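Please open the structure in the viewer and keep the selection tool at hand. The tour proceeds by selections, each followed by a description of what is found there.

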Amino acid sequence: MPHDISLISTIAAGLGLAMLFGYAATRLAMPPLVGYLLAGVLIGPSTPGFVADVALAGQLSEIGVMLLMFGVGLHFSLSDLMAVKRISVPGAVVQIAVATALGAATALWWGWPAGEALVFGLCLSVASTVVLLRALEDRGVLDSVNGRIAVGWLIVEDLAMVLVLVLLPPLSGLLGGEVASGAGNDMGMTLLITLAKVAAFIALMLIVGRRLFPRLLWLVARTGSRELFTLCVIAAALCVALGSAKLFDVSFALGAFFAGMMMRESEFSHRAADESLPLRDAFSVLFFVSVGMLFDPAILLQEPLKVLAVVAIIMLGKTVAAIALVLLFRYPLNTALTVGVSLAQIGEFSFILAGLGMSLGLLSATGQSLILAGALISIALNAALFGSIAPLQNWLRRHSPLAQKLERRDDPLAELPMSVDQALLTGQVVLVGYGQVGQRIASQLDRLAIPYVVADENRELIELLRASHIPAVCGDAAEAAVLIQAHVARASMLVVTAPDIFKTRQMIQIARTLNPAIEVILRTGNEEEGMLLESEHRIHVFLEKQVLADGMAQHIAGRFRPVPH
């Protein structure tokens, strides 16, 4: 047996305990990420028993960072961001500023240096992509308007943190930390050189990378070798990350992020994401385990008030700021609560930024432990916060005059314009949801000259539809006021393309109360729920898989149909 098996023991202990603690976390209705962090705490130097190799764990975590950021870039969609840009961009920027100011002000009150206070505040300002996406997926709202706003908001946060990772090393000396290697005494020149290198790297990726990576994936895919395709994806991510760091002094995270963005340009991007997912997941787990190894549980006993202050900033300060901003943009209370709760945690970018701050002498071990404590507690409680949205919303509607006023406030997009021809509001189709399915249905209705009214929660979308002279109402169609504004009482048909079954039941009940004879058509991917709704409410249900199978079968039958003589 070899004498030095520290790498094997670190990986085995990390993954083994992460599996056990992750399973325990899911059984307790918490994200498995909490279990991964606790597994790291258990094998870290701050707890008794087996201690993994911290240096090796650090290198493994770097690979985890690369693959995490590669995955973020691979799923980055500029079109998704542009669809909600009017709320996500200013909302995320203001929320980052508020959270950073709260964290920095608190740290200054504790007597910390200004540079450390700034880094500490930035670490508390950005939510976890992993936690957010899992939470939205588990509740089936990832593709809803609320989900798209939350994801767009987080994309802006991620991009802002990428910029921080680029600018922090050259500004380290100015903030009171160590001067980054290769940086001179002239801060202005150092910053200019750094930005020039980043600009050169981005230009290279946009000009060469967006053509090279799709071509490379196409060539490898032609071989028919699955393992070679997976190897190509992972090798591209790691090599670009390493090359960007060596040639352009760009962080591993930024290099991997751009590698993922460029690979998204390929027609094989979905396959690349699927094939690389197991390895990305494994190293992401090791990243969270290595972060847990840096956490000193003694901070919970030594500085309980500071831990509570950090948790309050993350779960109260950020949430209230996000809710207020969403309401300011005239979105409904449900959207504001969903977005606010989605951001009430911190995760991987906070850990990456904290690690960079430590390496630059801009963050103390105490600060890092407080950040890790805040992450553990906020992630563990995030699922419970999501579960409280509906009860909280109902309570606010009953007991809060402000909430009642907000829901009754005049909103020009919540009412059809007086200029809409009344002839188009009798016997029309009420189309709930204007996503990909809704848009295809609408185009067919236009072709057949069938009048329709769109009901959707996306304000930007409603404004575009009205600019195109299409009758549209902004709001949640599960509320009677929205369907009343869509004139469902005089409609001939209600077509629901939104996937939320619970809201669909409410829509059907409201529509049938106002118009007992209305025909209801529903799209769903859940066969059991679809059959139940069909039997209970006498509606037409189109199952996604069944429609796909029927379409393919009809095409096949048409090919083999005998030609008449």
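Which residues form a nonpolar patch on the surface? Select Leu204, Leu206, Ile207, Val208 and Leu212: together these residues have about 420 Å² of accessible area. It should be noted at this point that the model is a predicted one. Within the patch, attention may be given to Leu206, which lies in helix α9 (residues 187-222). Leu206 counts as partly exposed because its relative accessible area is 36%, a value between the limits of 20% and 50%.

Next, select helix α2, residues 32-42. Eight of its 11 residues are buried, so the helix is largely enclosed by the rest of the structure. The buried residues include Leu33, Tyr36 and Leu37, and Gly35 and Gly40 are also among them.

Proceed now to the sheet. Six strands make up an open sheet in the order β3-β2-β1-β4-β5-β6, and their pairing is parallel. At its edges are β3 (472-474) and β6 (540-543), each of which pairs on one side only. On average, neighbouring strands of this sheet are turned by 15 degrees against each other, direction ignored.

Within the sheet, select β1 (residues 429-432) together with β4 (residues 493-496); these parallel strands are joined by four bridges. One pair to display is Val432 and its bridge partner in β4, Val496.

Then add helix α20 (residues 436-447), which packs on the sheet and touches β1, β2 (452-456), β4 and β5 (519-524). The direction of α20 makes about 160 degrees with that of β1. Helix α21 (residues 459-467) also packs on the sheet, where it touches β2 and β3. Here the angle of about 160 degrees is that between the directions of α21 and β3.

The last selections concern charged side chains. How many salt bridges does a search of the whole structure find? The search finds two.

For one of them, select Arg86 and Glu463, whose side chains meet at 2.2 Å, N to O. This pair links distant parts of the chain, with Arg86 in helix α5 (residues 85-109) and Glu463 in helix α21, 377 residues apart. Arg86 is partly exposed at 46% relative accessibility, and Glu463 is partly exposed at 29%.

Finally, select Glu303 and Lys306, which form a salt bridge with their closest N and O atoms 4.0 Å apart. Is each partner buried or partly exposed? Glu303 is partly exposed, at 26% relative accessibility, whereas Lys306 is buried, with a relative accessible area of 17%.

Definitions and conventions. Residues numbered from 1 in each chain as written. Predicted model: local features only at pLDDT ≥ 70, side-chain atom pairs only at ≥ 80, totals over all residues. Heavy atoms only, no water. Pairing = 2+ DSSP bridges. Helix = DSSP H or I, 4+ residues; strand = E, 2+ residues; numbered from the N terminus. Axes fitted to C-alpha atoms, helices over the stretch in contact; angles between N-to-C directions. Contact = heavy atoms within 4.5 Å. Patch = residues over 30% accessible without salt bridge, like charges linked within 9 Å, V, L, I, M, F, W, Y side chains within 5 Å. Areas by Shrake-Rupley, 256 points an atom, 1.4 Å probe, with all protein chains shown as cover. Buried < 20%, exposed > 50% of the residue type's maximum accessible area, 1.4 Å probe, protein only.
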